[in-house]
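Work through the exercises below with the sequence and the model open beside you. Each task is followed by a solution that proceeds step by step.

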Amino acid sequence: MAIGVKVMKRPDRQVSYVRATLKGMALTFKHMLEKKVTMQYPEQKSTDQDHGMGAYSLSPRWRGTHRMLTDEQGRSKCVACGLCPQICPANCIKLVPGEDEQGNRYPLIYEIDEFRCIFCGYCQEVCPEEAIHVGVHFENSEYSRGRFVYDLERLSSQTHAVSTLWDPSDPEGE
Ligand code: SF4
Ligand code: SF4
């Protein structure tokens, strides 16, 4: 493909930049009078409704802080099958399985290092019990690295919504 070169002619007389400056200033002032789109986080949260800039919320497919679901008795739904630590590409799930007298498996230790996690959502996809989920949540800042390792109790006490993940049969999420 031929490449065209456009040669810009230099003005052959002195030009004033006042007009261009005024045009730029007019554009600036126009934007000053327009409706603000900046959200004053954290006073205004993404889940809050209209702040004069329209309602805004995280996508239901958002993959953030994990959550372990529990049964009616408040026990973790995890059966310690070992699939999630096996598939986790970041190797950030620690599982030590246990077994009760009836032969039911349960996690003696279940931990996720949220710092190492890449929030791919594979653990949620692979879980046969729909126990572990990535959540629609991102406000999990801490003062120490150790606090980012969520144990079973902490994972189970999370209350935020769980992610719906991306569904290939419904790419638009409708
Ligand atoms: S979201 Fe991905 S990286 Fe994070 S714990 Fe689950 S499988 Fe591992
Ligand atoms: S895949 Fe589900 S049931 Fe299996 S160990 Fe992970 S959380 Fe537990």
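The exercises that follow treat ligand shells, strand pairing, a nonpolar core and the domain layout.

This is a predicted model, in which local features need pLDDT of at least 70, side-chain atom pairs count only at pLDDT 80 or more, and totals for chains, interfaces and linings use all residues. Residues are numbered from 1 along each chain as its sequence is written, while chains are lettered from A and ligands numbered from 1 in the order in which they are written.

**Exercise 1.** Describe the residues around ligand 1 and ligand 2, and sort them by class.

*Solution.* A residue belongs to the surroundings if its C-beta atom, placed from the backbone, lies within 6 Å of the molecule. By this criterion 15 residues surround ligand 1, and the closest are Cys88, Cys117, Cys120, Tyr122 and Cys123. For ligand 2 there are 13 residues, of which Cys78, Cys81, Cys84, Cys127 and Ile132 come nearest. For the classes, Ala, Val, Leu, Ile, Met, Phe, Trp, Tyr, Cys and Pro count as nonpolar, Asp, Glu, Lys and Arg as charged, and the others, Gly among them, as polar. The shell of ligand 1 then has 14 nonpolar, 1 polar and no charged residues, and that of ligand 2 has 11 nonpolar, 1 polar and 1 charged.

**Exercise 2.** Establish how strand S3 pairs with S2 and with S5.

*Solution.* Strands are DSSP runs (E, at least two residues) numbered from the N terminus, and two of them pair if DSSP finds at least two bridges between them. S2 (residues 93-99) and S3 (residues 105-113) are antiparallel over 7 bridges, with Leu95 opposite Tyr110. Their hairpin has 5 residues between the strands, and Gly103 takes a positive phi near 85° there. S3 is also joined by 2 bridges to S5 (residues 149-150), again antiparallel, and Ile112 stands opposite Tyr150.

**Exercise 3.** Identify which members of the largest nonpolar core touch the most other members.

*Solution.* Such a core is a set of buried Ala, Val, Leu, Ile, Met, Phe, Trp, Tyr and Cys residues joined through C-beta atoms within 7 Å, where buried requires 20 or more other C-beta atoms within 10 Å. Of its 16 residues, Cys78, Cys84, Ile93, Cys123 and Ile132 touch the most other members. S2 and S3 each supply at least two residues of this core.

**Exercise 4.** Locate the two assigned domains and state their separation.

*Solution.* The bounds, from an automatic or database domain assignment, give domain 1 (21-57) and domain 2 (64-157). Their C-alpha centres lie 39 Å apart.

Conventions: Helices (H or I, at least four residues) and strands (E, at least two) are DSSP runs, numbered from the N terminus. A residue is buried if 20 or more other C-beta atoms lie within 10 Å of its own, exposed if 12 or fewer, and partly exposed in between; C-beta atoms are placed from the backbone.
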